[in-house]
Amino acid sequence: MNAPLKNRAGFTLVEVLIALVLSAVLGAAFMGAFVSQSRFFDHQEKVSAARDVSRGALNIMMSEMRMVELSGGVVPTPTNEMLELRVPYVFGMVCSSASGELTITVLPADLTGIGGMSFSGFAYRTAAGGYTYIETPVTATSVGAAGALVCSGAGIVPGAGVVPNGDVITIPLPATVPAVGTPIFLYRKIKYEFAPSGVVAGTALWRHVAGVAQPEELVAPFDTTAKFRFFVNDAATAQDAVPATLTSITGIEIVLDALSERPNADGTHQSVPLTTAVHFR
């Protein structure tokens, strides 16, 4: 015989309601922790992405800007958004100035492709210790064994002595001829500019080598605060204003305030500030 219904074991309505309330509280707590953790990882991912933008720009620029020579490295006229530099590419020493050409032996370098490559000009060191810049496109031509004999005759032996492990190239003769033994370098004009990106919304860092038709978009996006500032006469702090005398610029401060490409929920972008400096030689 079945027991009366009221004596059967089970949950009362109050117990069910309490269990539902507790489940809701625990579920809300777990959901809150999950959402908070997701937001944290999302924030970290955006910070990392923005930091990669800054580092990518920095790695490319620093290797070239550290080569710039103090007295003539900055090309007129720089701004806070655009900077054009004369970046040395090949260093060497004058062996001869005969037959309308400068024959020079160059320091060890990756010489692949130098023959026939156009540069923006060259500079040679004067007796006073400064550099005279020849602002004209030139073509360097490898002259091999014949040039080595020219340098040997001048007492400058490629592969030994003054310029170890070097090679010999020629460039067109300038109006003012440097003496044999004069240090010389070939340079390219390279322009860096913060301008609208052609790939993502926002500002990009562009690099344009003179003589190359198409500029290169290096990395993006940056905040509108990204810019160049100028150290003048070895001042301890950089200034926004471009000095009237470019040779007084002794270094460049680079403000690389990068943004994450993926926006936040409110439409803003995560920003990561980065400021560094390069002082010219």
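Hi everyone, let me start with one residue: Thr182 is buried, with a relative accessible area of 10%. By buried I mean under 20% relative accessible area, while exposed means over 50% and partly exposed is anything in between, with a 1.4 Å probe and protein chains only. Before going on, a word on the source: this is a predicted model, where local features need pLDDT of at least 70, side-chain atom pairs count only at pLDDT 80 or more, and totals for chains, interfaces and linings use all residues. Residues are numbered from 1 along each chain as its sequence is written, and side-chain values use heavy atoms, with hydrogens and water left out.

Back to Thr182, then. You'll find Thr182 in the loop between S8 and strand S9 (183-196). For the naming, helices (H or I, at least four residues) and strands (E, at least two) are DSSP runs, numbered from the N terminus. What does the side chain of Thr182 reach? The backbone oxygen of Ala179, at 2.6 Å. That is a polar contact, meaning a pair of N or O atoms within 3.5 Å; within protein, one must be able to donate a hydrogen and the other to accept it, and residues adjacent in sequence count only if both atoms are side-chain atoms. If we set aside neighbours within four places in sequence, Thr182 is in contact with Gly92, Met93, Val94, Tyr124 and Arg125. Contact here means heavy atoms within 4.5 Å.

Now the whole chain. The secondary structure comes to two helices and 16 strands. There are 281 residues in the protein chain, and buried ones make up 38% of them. Among contacts with a separation of 6 or more, 60% come from residues 24 or more positions apart. The accessible surface is about 15,200 Å², and carbon and sulfur atoms own 59% of that. Those areas come from the Shrake-Rupley method with a 1.4 Å probe; for residues, only the protein chains shown count as cover.

Let's move to the strands, and S2 in particular. Strand S2 covers residues 101-106, and five of its six residues are buried. Which strands does S2 pair with? One is strand S1 (residues 82-96), in the antiparallel sense over four bridges. Another is strand S8 (residues 167-172), also antiparallel, over six bridges. Two strands pair, in this scheme, if DSSP finds at least two bridges between them. Ile104 ties the picture together: its bridge partner in S1 is Val94, and in S8 its bridge partner is Ile169. You may remember Val94 from the contacts of Thr182. S1 and S2 form a hairpin with four residues between them, and Ser99 in the turn has a positive phi of about 60°.

Positive phi turns up elsewhere too. Asn233 has phi near 50°, and Asp234 has phi near 60°; each is a positive value in a residue other than glycine. Asn233 lies in the loop between strand S12 (227-232) and S13, and Asp234 is found in that loop as well. Are these two buried or exposed? Asn233 is exposed, with a relative accessible area of 57%, and Asp234 is exposed at 62%.

For those of you who check omega, here are two cis peptide bonds. One joins Pro76 and Thr77, with omega about -10°; Thr77 lies in the loop between helix H1 (13-65) and S1. Another runs from Ala220 to Pro221, with omega near 0°, and Pro221 sits in strand S11 (residues 216-222).

Next, Asp257, in the loop between strand S13 (249-255) and strand S14 (258-259). At 12% relative accessibility, Asp257 counts as buried. Asp257 and Leu274 are 17 residues apart in sequence, yet 5.5 Å apart in space, C-alpha to C-alpha. The side chain of Asp257 reaches the backbone nitrogen of Leu274 at 3.4 Å. Beyond four places in sequence, Asp257 touches several residues, including Phe222, Asp223, Val272 and Pro273.

Last stop, the surface. Leu20 is found in helix H1, and at 54% relative accessibility it counts as exposed. Along with Phe11, Leu13, Val16 and Leu17, Leu20 makes a nonpolar surface patch of about 570 Å². Patches are made of residues with over 30% relative accessible area and no salt bridge, where like charges are joined within 9 Å and nonpolar side chains (Val, Leu, Ile, Met, Phe, Trp, Tyr) within 5 Å. A salt bridge, in turn, is a side-chain nitrogen of Lys or Arg within 4 Å of a carboxyl oxygen of Asp or Glu. Thanks for listening!
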